[in-house]
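The following exercises are to be worked through with the sequence and the structure at hand. Each task is followed by a solution in steps.

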Amino acid sequence: MTVIGHHVDGKRTAGNSTRRGDVFDPATGRRSGQVALADATDVAGAVEAAERAARDWRDASLARRTAVLFALRELVHARRDRLAEAITAEHGKVLADAAGEVQRGLEVIEYACGIASALRGGFSENVSTEVDSYSLRQPLGVVAVISPFNFPVMVPLWFVPVAIACGNAVVLKPSEKDPSAALLLAEWFTEAGLPDGVLNVVNGDKEAVDALLDHPGVKAVSFVGSTPVARYVHQRGALAGKRVQALGGAKNHMVVLPDADLDLAADAAVNAGFGSAGERCMAISALVAVEPVADALVERIAARMAGLRTGDGRRGCDMGPLVTAAHAERVRSYVEAGVAAGAVPVVDGRDVTPDGEPAGFWLGPTLFDHVRPEMSIYTDEIFGPVLSVLRVGSYDEAVELVNASPYGNGTAIFTNDGGAARRYQHEVEVGMVGINVPIPVPMAYYSFGGWKASLFGDLHAHGADGVAFFTRGKVVTSRWLDPRHGGVNLGFPTQT
């Protein structure tokens, strides 16, 4: 049985720990390998390698750092199909969706290629007589990135390229459920010219997470996962004196006003609710229909769902399996709870006949109507292909419902009324808002992150917030005698 190890100091290693975790192909239910689960000693070795590398990498010129990132961009672009196949093999999402994930990660690499502009400081001349003052940003040192199973490429790439471009060294702990894609990325970073030790990958579970949170050599931690774990990571990391950005769970609402284009809204609800089998922190899981459109909207959504094909992501299906048998059973239990609570199962995913092996981790797209706010299918983050429709009588009721949620990750409103859309984006207590856009994930030069229980920490991922998170500011005040020097050099100025 293949054992998936770690990537430390530029090479693969099995580590010291003898603990192993199983890795599955979700579409077949078969175990495809085992992953080494790091202990505190393994984590310490990775951090030590990063500390050694960080001392030189922080002094590398911006030209050298960006040269590595440009080379990485070309490698990832040329091998994107291979990366997508690795995602599908261990996560289960369909190949087209996996390719889209790679593309969004590429966009952050491309943003990091322009880090020289993002790191520019300010300069004020003669703040006092012959005294100048200027600001600059410097790297933190060693930073940790802890990423989830649902985006094994995109989420690491939200953080790692920006951290490295800013001059830090990184220890990445991917999900133990689908670790192979992160190891490919680490190998390609090395191939692109990144010095050994600047990026290290340690696979593991909670033991590895705790070791990263406690290690004094780790200066900052970036995390994406469920809200309970995000809260834990933030608290434990902050207690250890680290800078922490912990992105948590979500219950994303899509509000449909009576003047909306219902065909467009139905398409969006299906795409945003069931893509990646609903295993997205930005998935639409609660559709708020402002009457009198609910009946017509539900009918349109159900009609579109009838044409979806659930099955093996390598067979051209629309939706793949869930990531593990345990997770599939958990989502199934929420469907059962919704039925028991009185919600109307318009489309019941438990009845699906998948285009795949029977032992796969299957649950088809599920649509509930007449959902009430106290039901668990509404209050809890299910993280599966379950879409709940709630009916309200007015715009004000819709906003009140959305703002009452403890989460504040993403939301969308569908309307043809510009005034209503502008009012909604102002009033809603959510970090990312889409107007006739169901999944409002920002481009890499803006920052990704939510409000309330969807984010613990002050700074969001990538964009300007990402640069601020992975650097610290310094202000210099200087006075110099008037320089008297000269010399002739007709050579073209270069940077090294």
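**Exercise 1.** At the start of H15, which backbone nitrogen does a side-chain oxygen of Asp417 reach?

*Solution.* The model is a predicted one. Helix H15 covers residues 418–427. At its start, the backbone nitrogen of Gly419 has a side-chain oxygen of Asp417 within 2.9 Å.

**Exercise 2.** Determine which residues of H15 are buried, which are exposed, and what covers the buried ones.

*Solution.*
Step 1. The buried residues in H15 include Ala420, Ala421 and Tyr424.
Step 2. Viewed down the helix axis, the buried residues of H15 lie within an arc of 100 degrees, so they line one face of the helix. As background, an α-helix has 3.6 residues a turn, so residues three or four places apart point the same way.
Step 3. Gly418, Arg422 and His426 are exposed on the other side of H15.
Step 4. The cover over the buried residues of H15 includes helix H14 (395–404) and the strands E13 (252–256), E19 (410–414) and E20 (432–435).

**Exercise 3.** Decide whether His6 is buried or exposed, and describe its surroundings.

*Solution.*
Step 1. His6 is located in strand E2, residues 6–8.
Step 2. The cut-off for a buried residue is under 20% relative accessible area. His6 has a relative accessibility of 2%, and therefore counts as buried.
Step 3. The His6 side chain comes to 3.0 Å from the backbone nitrogen of Asn203.
Step 4. Beyond its neighbours within four places in sequence, His6 contacts several residues, among them Lys11, Arg12, Ala36, Asp42, Leu183 and Val201.

**Exercise 4.** Describe the division of the chain into domains and the largest nonpolar core.

*Solution.*
Step 1. Domain 1 comprises 3–248 + 454–476, and domain 2 comprises 252–435.
Step 2. Their C-alpha centres are 31 Å apart. To the contact between them, domain 1 supplies 22 residues and domain 2 supplies 25 residues.
Step 3. The largest nonpolar core contains 71 residues, and those with the most contacts inside it are Val76, Leu83, Trp158, Ile164, Leu199 and Phe448.
Step 4. Helix H6 (residues 154–165) contributes the most to this core, namely ten residues. At least three residues of the core come from each of domain 1 and domain 2.
Step 5. Leu199 may serve as an example: not counting residues up to four places away in sequence, its contacts include Val160, Ile164, Leu172 and Phe189.
Step 6. A second, separate core has 60 residues, including Ala294, Met305, Met375 and Val389.

Conventions. Residues are numbered from 1 along each chain as its sequence is written. This is a predicted model: local features need pLDDT of at least 70, side-chain atom pairs count only at pLDDT 80 or more; totals for chains, interfaces and linings use all residues. Side-chain values use heavy atoms; hydrogens and water are left out. Buried means under 20% relative accessible area, exposed over 50%, partly exposed in between (1.4 Å probe, protein chains only). Helices (H or I, at least four residues) and strands (E, at least two) are DSSP runs, numbered from the N terminus. The arc is that of the directions from the helix axis to the C-beta atoms. Contact means heavy atoms within 4.5 Å. A polar contact is a pair of N or O atoms within 3.5 Å; within protein, one must be able to donate a hydrogen and the other to accept it, and residues adjacent in sequence count only if both atoms are side-chain atoms. A nonpolar core is a set of buried Ala, Val, Leu, Ile, Met, Phe, Trp, Tyr and Cys residues joined through side-chain atoms within 4.5 Å. Domain bounds come from an automatic or database domain assignment.
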